[in-house]
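Here are a few short exercises to help you find your way around a new structure. Try each one on the screen before you read its solution.

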Amino acid sequence: MASSTLCGSPATACCSTWCRMRCSLLLPMRRLRTGCRTSSFQPMMNRPQSRKACSSHRSASNTRPRAPAASSRGGASSICDGAMGGALPGGTPLASPLVVGAGSAAGSPTRPRPQAAAAAAAMAALLGPVGRFRWRVRAVPGGARGAAGRQCYDLLVIGGGSGGLACAKEAAQLGKKVAVVDYVEPSPRGTRWGLGGTCVNVGCIPKKLMHQAALLGGMIHDASHYGWKVAQPPHDWRKMAEAVQNHVKSLNWGHRVQLQDRKVKYFNFKASFVNPHMVCGVSKGGEETLLSADHIVIATGGRPRYPTHIEGALEYGITSDDIFWLKESPGKTLVVGASYVALECAGFLTGLGLDTTVMIRSVPLRAFDQQMASLVTEHMAVHGTRILRGCTPLRVERLSDGRLQVTWVDLASDKKDTGTFDTVLWAVGMVSVFVLPCFQPVGLFVLSPVTRPRSGPGL
């Protein structure tokens, strides 16, 4: 016996996706018309009590010509385009739908039954005068790629971070045609990275590796107390940075391979909205590509914020976007901020033997339990991190020897002070990297919030 689909019609190689959409529309009408029970996903042909009542529905389901398997993702009758074809087998136009009997030869229409004719009329009303579902927003001439180079997808994800990649992979696993658009705008210092988002490139992964390097230094120091005669060698930042960055690059490549294995198309360009279902992507070389999709997910996350009201902050400072990709040691470092990003970066810099200062405007770890926050800063101070409390920077200047002179003010006494550093690291919060389109976002989903707290990126 031939296999059957949910609605009871014979299954073909290309109709599984279409059958699910068709059943979601026709099964409610069948319940009203015949009283068939549809509480389970068992094929109706396997249910004797419903076979007779639903025979007319199976006949009506054949009014739509099935596209060949090769055109399920493209061609003139691509499902993605919403095109249904202009005629039934045998040349019968859709303007006068006839029911093709299950036992008749291809292209040999039979006389429609009254119930089947009613179902066919309802189907024609759903399809509309041009033979496509009304909720399919656009039709691209020529299949999956239109005449203007437009490419069509079921789901388009803007952002290649943790949320965007997880969303794209799950949708692809469910049989959807998915594309991911990811582009890293270089930081003011020119730092950029590959696929994977903040966590992989400038967050959790490199931070934990650098913390491990700092912990190894601490164990070497403690080893002498346990009888190990080990000299404390100087730390080689260049060697550590090379190992960390190579590991991150391997993860970038791994994400690209995973997308390819799941048939997810990856585009490395910057996207902007054209309309609620279309974006225009611009590559590094300036080439434009149009991508359209039924649903668009925004998963762009955020980037560290620069305090642009401070003179010299943008010109001479760095953020967590840069610290993990430095080729040379940052040397004596001033970390401005009291978030967990600021304290974590200051912690591993101190552990690596660098002279590190943290400047806190008010209280550390504002959103956390303050008793625990005090224990954290006290522990850091005991291990060599200098803490400046109640201070805020006023300006940053570059000296003739290349070092940075920072002027700050004590908010309690209004007294100004200065210090000289090799690096100034800003960890004062983050901002979203996208602006919602001005039109009503139909079919638009946002995985990342528009605003984020002042606690910095997810490190």
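This is a predicted model, and of the 459 residues in its chain, 45% count as buried.

**Exercise 1. Get an overview: how many helices and strands are there in the chain, and what percentage of the accessible surface belongs to carbon and sulfur atoms?**

Solution.
- Step 1: Go through the chain and you'll find twelve helices and 16 strands.
- Step 2: Now for the surface. The accessible area comes to about 23,500 Å², and carbon and sulfur atoms hold 57% of that.
- Step 3: Finally, look at contacts between residues at least 6 apart in sequence: 61% of them join residues at least 24 apart.

**Exercise 2. Check the span of helix α12 (residues 370–382) against what its residues should give.**

Solution.
- Step 1: Helix α12 has 13 residues, and the expected span uses one less than that number, at 1.5 Å each.
- Step 2: That should give 18 Å, and the end C-alpha atoms of α12 are 18 Å apart, so the two agree.

**Exercise 3. Work out which residues of α12 are buried and which are exposed.**

Solution.
- Step 1: Buried means under 20% relative accessible area. In α12, Ala 373, Thr 377 and Met 380 are buried.
- Step 2: Around the axis these three cover an arc of only 60°, which means they sit on the same side of α12.
- Step 3: Turn to the other side of α12, and there you meet Gln 371 and Val 382, both exposed.
- Step 4: What lies over the buried residues? The cover includes α11 (340–351), β9 (356–360) and β10 (386–389).

**Exercise 4. Look at what happens at the start of α12 and just after α12.**

Solution.
- Step 1: At the start, Asp 369 has a side-chain oxygen that comes within 3.1 Å of the backbone nitrogen of Gln 371.
- Step 2: Just past the helix, Gly 384 has a positive phi of about 110°.

**Exercise 5. Decide whether Tyr 153 and His 255 are buried or exposed, then find some of their partners.**

Solution.
- Step 1: Tyr 153 belongs to strand β1 (residues 151–158). Its relative accessibility is 4%, so Tyr 153 counts as buried.
- Step 2: Ser 292 is 139 residues from Tyr 153 in sequence, yet their C-alpha atoms are 6.2 Å apart in space.
- Step 3: His 255 is part of helix α8 (residues 237–261). With a relative accessible area of 18%, His 255 is buried too.
- Step 4: Set aside neighbours within four places in sequence, and His 255 is in contact with Leu 165, Lys 169, Leu 195, Gly 196 and Val 200.

Conventions:
Residues numbered from 1 in each chain as written. Predicted model: local features only at pLDDT ≥ 70, side-chain atom pairs only at ≥ 80, totals over all residues. Heavy atoms only, no water. Helix = DSSP H or I, 4+ residues; strand = E, 2+ residues; numbered from the N terminus. Buried < 20%, exposed > 50% of the residue type's maximum accessible area, 1.4 Å probe, protein only. Arc of directions from axis to C-beta. Contact = heavy atoms within 4.5 Å. Polar contact = N/O pair within 3.5 Å; in protein donor to acceptor, adjacent residues only side chain to side chain. Areas by Shrake-Rupley, 256 points an atom, 1.4 Å probe, with all protein chains shown as cover.
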